[in-house]
Amino acid sequence: EMPQSMLSQLESSLLNCPDSLDADSPYLYRKPLSLPHPTSIFFPNEP
Amino acid sequence: TVNEKYSLVFTEWVKLLQKVDIEDSVVLIFIKQMMDKGILSESDNMIKFMKCALELSVSSFKESDPTGEVFTAIDALGKLIIKLLIFQEFSDYYRGDFLNTIYSTILLVFAEDHEQETFNERPYFRLLSNLFYEWSNIRGHKFSSIKDVKIRKELYTFDIEFYNISATYLHSFQPFAFPGFSFAWVSLISHRMFLPQILRLPDKSGWEKLTLLIIDLFKFLDQYTKRGIVSDAISVVYKGTLRVILGISNDVPDFLIENHYELMNNLPATYFQLKNVILSSIPKKKIVPNPYDPNLNMADVELCQQKPSIFYDPVKDLQSLKKPVDNYLRIPSNSLLKAILNGLYRTEYDVKIGVGYDYLSIDNKLVRGVVLHVGIEAGLENERTSSSAVFNTKSSYYTLLYNLINEGSTELRYQILQVMLEQLRYPNIHTYWFSYVLLNMFTSKEFGSNISEIQEIMLRCLLERVIVNKPHTWGIIVFFTQLLQNKEVNILELDFIKNIPEIENILEQS
Amino acid sequence: FGLKALIPLIKQDPQGEKNGQYDHSMTLGADLSSMLYSLGIPRDKQHHRVLDTFQSPWAETSRSEVEPKFSIPDSFNNISNVLQSNVTPPCFDSIQNDQQRVALFQDETLFYLFYKHPATVIQELTYLELRKRNWRYHKTLKAWLTKDPMMEPIVSQDGLSEKGSYVFFDPQRWEKCQRDFLLFYNAIM
């Protein structure tokens, strides 16, 4: 039988399961194409 | 303190990577300065530094706003490790030692953290994912992105070792040891920058370690797949496993084909569908005749003359049975048979949850080894001499299996027949030969009063493979058709069939 | 080891499952079509490798695509004069100085830059240029549209809207498409 402490750890692992975003390429600094600028609030704000 | 100093240096490294490109010369200068100060050049210091950097990165993850960038420090650490792995002067010690040291250090920090309430698998997953990602990136086109010719050659030679060392450490991180990492672990062994690469290393150099990892997973599932309700977490692990195996079956079916023996040795006994998925793998580019064609005859299928490839020779597992089996195949004798029979019994019960049983008294691995070895030898003989030498109920290959079944206990009969049916896979000589053996046994007059039990067990093992959801193996379908169509035994008239209406119904419909 | 042991599986008795028999999802398994479909087996009626773009062992944690292995040949890096830039890689830092460069871009390039770089100088620059080319940005649809030259719209009685035929640029499908539309003047900019 799985001991209770082990079951808790397993369930915690399920809860924190990494997803595809976690497996994606690491964050890399890249010189941005353009400087930040305040644009209209109506423009899309997510690329 | 030393730790505080190392924390400052690592923090500077993280900040640096947020301001400049990783290929910027400033980055190399920073690393050089770390080496000049002895932080990275002396092994003890390097371990202390890495330990400190990892602990800091994990803390940073835990304290970061979960909606923001939580992996900044971990990503920076991954970059540093890879830079060092590639560009260090490995004169005093070897690149493999460095990688081992890094992994050991990660394991140390991880193991301590795993026991805490606050443990979270994600930063460790991220770090290992990053290492796989970075390595996968640079190894493209034989490491052509590395300008230095000497380093490029070294890395190319090191490639196989990179994956095998990584696999060795993944084995240490397995769910039995660190249940709090289980889901990250399954995600890592199936990572797009690890699994397809280790599957495709030249000369199958990664297969042994990969099989070990899959066996780790199967053993974990086996341990906690109890009768009755299986816990949600285990159920989810199972689904992930199934999905990964389906992926392997699609991309590199040869891996499952050639390693089926070891996988079957460790697959939980009640996992009928997963068993079928593994055994249904067909080599790429093989066009296989329709198994449902009632006129199909294996004798006419050219593919059925070819020997299947086997990566792990089961003869290695036969131990003290190797000699008696090989001797029997040369010259059958009763004393050899007795020796083999006795050798198959275990000294202790094996707790094994199966359908209809909870423990076994016969060594399943040895049975599988013996049966497959006999099949391999029969296949070799078929090629060496002629098919009449092996497709022959008087041949020693047939008589060995026949006698083991005839003399054996109910359990032994079950195990042998089940393992023989496992060999009914895609069209090849083993599928063909074992079909021949099984069909002859089913209709044999030689078993006397034992025939009823043997037929029932054979049908039981066969139905295990067909009453489940698809896929169904080619060989099983063809054999099932042959059995249903055979003129010598009317299955529906058998007493034990008539006594079980549910089974009778299925067979009538079939 | 006989046939009777299979009866609980054949009957699929849910009571049996609770009474300490077998978890059918593992013994009998399930229909694998949806799992195979989520894996991309097959995709576009063809056989493809799936492990190279494998997102996660579970469909539930495969919410996004993952970057597969790829390499960029050296000759593709450090190409000079991309996007009319003197600097490599290109950059857009000034509304005044960079307007002329932007005027040389095709419509699609403008749309690409507009959607790809929110809250930046280039988003503003492309907005200004598209307006010069008689495209208007719809605030709610978050899409660009222009008048269909073949049709004259009908202005409403209250002068607040017009009904007509317009060419929209759809950023999801990345193509221009013609639509009949009721356009409110306060919705566009």
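The following paragraphs describe the architecture of chains B and C and a set of charged and nonpolar side chains in a predicted model.

Chain B comprises 26 helices and 2 strands, and its C-alpha trace extends over about 85 × 50 × 45 Å along the principal axes. The domain assignment divides this chain into domain 1, covering residues 2–205, and domain 2, covering residues 298–509, and the centres of these two domains of chain B, taken over C-alpha atoms, are separated by 49 Å. Of the 510 residues in chain B, 60% count as buried, while the chain exposes about 20,600 Å², of which carbon and sulfur atoms supply 50%. When contacts in chain B are considered between residues at least 6 apart in sequence, 71% of them join residues that are at least 24 apart.

Helix α4 of chain B runs from residue 72 to residue 87, and its 16 residues reach 23 Å from the first C-alpha to the last, close to the 22 Å expected at 1.5 Å a residue. This helix is mostly covered, with 15 of its 16 residues buried. A residue of α4, B:Asp75, takes part in a salt bridge with B:Arg126, in which the closest N and O atoms lie 2.8 Å apart. Because B:Arg126 belongs to helix α6 (residues 122–138) of chain B and B:Asp75 to helix α4, the pair ties together parts that are 51 residues apart in sequence. Both partners, B:Arg126 and B:Asp75, are buried.

The salt bridge between B:Lys307 and B:Glu383 has its closest N and O atoms 2.7 Å apart. B:Lys307 is placed in the loop between α15 (272–279) and α16 (322–330) of chain B, whereas B:Glu383 is found in helix α18 (residues 364–384), so that this pair ties together parts 76 residues apart in sequence. With a relative accessibility of 36%, B:Lys307 counts as partly exposed, and B:Glu383, with a relative accessible area of 51%, is exposed.

A further salt bridge joins B:Glu464 to B:Arg460, with a distance of 2.7 Å between the closest N and O atoms. Here both residues lie in helix α23 (residues 451–466) of chain B and are 4 residues apart, about one turn of the helix. An α-helix has 3.6 residues a turn, so residues three or four places apart point the same way. B:Glu464 is counted as buried at 1% relative accessibility, and B:Arg460 is likewise buried, with a relative accessible area of 0%.

Over all chains, the structure holds 30 salt bridges. In chain C, a network of salt bridges links C:Asp107, C:Glu129, C:Lys132, C:Arg133 and C:Lys176. The domain assignment of chain C gives domain 1 (3–61) and domain 2 (79–187), and the centres of these domains of chain C, again taken over C-alpha atoms, are 48 Å apart.

Chain C also carries a nonpolar surface patch of about 470 Å², which is made by C:Phe70, C:Ile72, C:Phe76, C:Ile79 and C:Val82. Within this patch, C:Ile79 is situated in the loop between α3 (33–39) and α4 (95–103) of chain C. C:Ile79 has a relative accessible area of 41% and is therefore partly exposed, a class that lies between the limits of under 20% for buried and over 50% for exposed residues.

Methods: Residues are numbered from 1 along each chain as its sequence is written. Chains are lettered from A and ligands numbered from 1 in the order in which they are written. This is a predicted model: local features need pLDDT of at least 70, side-chain atom pairs count only at pLDDT 80 or more; totals for chains, interfaces and linings use all residues. Side-chain values use heavy atoms; hydrogens and water are left out. Domain bounds come from an automatic or database domain assignment. The expected span of a helix is 1.5 Å times one less than its number of residues. Buried means under 20% relative accessible area, exposed over 50%, partly exposed in between (1.4 Å probe, protein chains only). Patches are made of residues with over 30% relative accessible area and no salt bridge: like charges are joined within 9 Å, nonpolar side chains (Val, Leu, Ile, Met, Phe, Trp, Tyr) within 5 Å. Accessible areas come from the Shrake-Rupley method with a 1.4 Å probe; for residues, only the protein chains shown count as cover. A salt bridge is a side-chain nitrogen of Lys or Arg within 4 Å of a carboxyl oxygen of Asp or Glu. Contact means heavy atoms within 4.5 Å.
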